[in-house]
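Subject: Handover of a structure

Dear colleague,

Please find the structure below, together with its sequence. I would be grateful if you would look through it before reading the notes that follow.

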Amino acid sequence: MTMVKAKTFDTFLGPLSRSNPITTQVLGICSALAVTVKMDTALVMTGALVFVLVGSNTIVAALRDLIPSRVRIIVMLTIIATLVIVIDELLKAYVYDISKQLSIFVGLIITNCIVLGRAEAFALKNSVPASALDGLGNALGYGLILVLVAAARELFGSGTLLGFQIIPDFLYAENGGWYVNNGLMILAPGAFIILGLLIWLQRTINGYTEE
Amino acid sequence: MKGIRSFLDRLEPHVMSGGKWERYAPLYEMVDTIFYVPGTTTAVAPHIRDAVDMKRSMFTVIIALLPALFFGIYNTGYQADPSGGFLQHVLTGGAAVLPMILVSYTVGGLWEMLFAVVRRHDINEGFLVTGILFPMTLPPDMPLWMVAAGISFGVVIGKEVTGGTGYNVFNPALVARAFVFFAYPAEMTGDPVWSLAGELTAATPLAVASAVQDGDAGLLVSQAGYSFRDMFLGFVPGSVGGTSKLAVIAGAIVLVVTRIANWRIIAGGLIGLIAAAVSANMLAPASGNTMLSLSPINHLLAGGFAFGLVFMATDPVSAAQTDRGRWIYGVLIGVLCVMIRVLNQAFAEGIMLAILLGNAFAPMIDYFVLRRHIARRRVAYEKQ
């Protein structure tokens, strides 16, 4: 019983750190660079990925004995694409502004390596609850990095967090202070640098080295 | 001097392995070898009897930089207020430039020490050059906290991330400059930044040339008051160390004679720049881009090309390592510099990005040069 519990626990917690999809497996980088200028887009993107990844893993696991292995990629892509279109429409209906900022990147979840990767590597071989948990863990692991990168970029690039001014106004050069926002953080290379530093930090903590 | 020696000798047992300050051995090592020639000798072959080690060669680079630095200090004061006397220029310039160098050395040195202590290696002398090169590539009124941010990025991301001195892909001083260039563009580009007096706008010769919509770019540079003579001697606005081509040539002679910089890179860069500028001139009549018509002499004299080519492109770690590769690397940097200056008006000063791109290609150039060499030797061998 404890064995099973430990394994279930690992399915969920592993992707948060040790086998994190972004920092360890280096998947889903494109969207991690594109939607992390501000925290609100990163959070909405995380929500969208949680929906798609949990949904696709659950459905694929439920159908895993019915899907012929020759056409499994097409079937899985159909499931993923359906979920992505649903979440895209939902975002357009309820958070139109953020949906506009996310633009094409919600649609591109279809091609996000993490989603198809988890369906192929995990959901096809495991039970529904385990697959749902795996999907949640991976989506949150992705979201954790997204939010960390976005927090650093928004704080140093715009001086705000979630739109609230964090760096006091009087420090800014235009108000007689000396501080200037870091323009590099707004550009995509800023995300690369923050991501690199995060990977460095994580590997130092976990003692991981590349063979 | 005797006092320093006996102080260091008394300290030594504590920092050797097993001593109570063992962790700080790199700091002791650094101070000790700055004052005295180390008593250690190379244990394994090959042996060369020579006084030159890393520390001496890095000090030679700093000596080569001094003419450009002194002129830069003078010119900074001169550009701020041309009417004053020599002493006033030096004092105004020194008050602006020396704090930048001090901040660069202090902040960069702290990072260097931190990594040396954590990773338990000696502090490397390469930083002495990086720490002075970086402020010399900046506009003179750069805020000091940006200098600190830039050198931190240059040392940590440009060098320590990949393993420290000798393992860096890019020149750390240029990584630092690229960081502040993209992070704080308002302080690094545009006309007002090049002069200490904020309201006095001073467009650099390259900025004048690239702002032109129609007409002859070279003519406009001279109409703006920048004669070839002033541009050669350095009496124009620009980055602290890069304006005087005469001072750069003096430094280049020191570096080439002592063989610290490889002359092939410098020669290749000059050939690449002139060839690309001449080709651009030929294309100029067919294009609306007036930067194309800028003559090779203007390209050579304007901006930081000479400074970058002599002091940064020749960095022995990030440059190509084979002789044939050095030619290709130099030519590539010269050509890229003209292309960036001419084709992208946002980067009027092309040499920084040209050298960074050159650094990125250097290992590949060496790889193909070696492959070709091996292939030729094989053919020669099989013919025998």
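How many helices and how many strands does chain A have? Chain A contains 9 helices and 2 strands. Please bear in mind throughout that this is a predicted model.

Chain A as a whole

Following the sequence of chain A, one meets the elements in the pattern α-α-α-α-α-α-α-α-β-β-α. Its C-alpha trace extends over about 70 × 45 × 30 Å along the principal axes. Chain A has 211 residues, and 36% of them are buried. Among the contacts in chain A with a separation of 6 or more, 77% join residues that lie 24 or more positions apart.

Where chain B touches chain A

On one side of this interface there are 9 residues of chain B, and on the other there are 7 residues of chain A. Two elements of chain B, α7 (172-183) and α8 (185-188), each give two or more residues to the side that touches chain A. The largest share of that side comes from α7(B), with 3 residues. As for character, the side of chain B that touches chain A consists of 9 nonpolar residues, with no polar and no charged ones.

A pair of helices in chain B

Helix α5 (residues 126-136) and helix α6 (residues 144-156), both of chain B, have axes that come within 11 Å and cross at roughly 140 degrees. Because of that angle, α5(B) is classed as oblique to α6(B). The crossing in which α5(B) passes α6(B) is right-handed. From α5(B), the residues involved in the contact are B:F127, B:T130, B:G131, B:F134 and B:P135, and they meet B:V147, B:G150, B:I151, B:G154 and B:V155 of α6(B). By type, the residues of this contact between α5(B) and α6(B) comprise 6 nonpolar and 4 polar, with no charged residue.

One residue in detail

B:A116 lies in helix α4 (residues 86-119) of chain B. Is B:A116 buried or exposed? B:A116 counts as buried, because it has 22 C-beta neighbours inside 10 Å, and the cut-off for being buried is 20 or more. Leaving aside residues up to four places away in sequence, B:A116 touches B:P26, B:H121, B:D122 and B:I123. B:K383 is 267 residues from B:A116 along the chain, and the C-alpha atoms of these two residues are separated by 52 Å.

Yours faithfully,
A colleague

Methods: Residues numbered from 1 in each chain as written. Chains lettered and ligands numbered in written order. Predicted model: local features only at pLDDT ≥ 70, side-chain atom pairs only at ≥ 80, totals over all residues. Contact = placed C-beta atoms within 7 Å. Helix = DSSP H or I, 4+ residues; strand = E, 2+ residues; numbered from the N terminus. Nonpolar A, V, L, I, M, F, W, Y, C, P; charged D, E, K, R; others polar. Axes fitted to C-alpha atoms, helices over the stretch in contact; angles between N-to-C directions. Parallel < 35°, antiparallel > 145°, perpendicular 65-115°, else oblique. Left-handed = near helix turned anticlockwise from the far one by under 90°. Buried ≥ 20, exposed ≤ 12 C-beta atoms within 10 Å, placed from the backbone.
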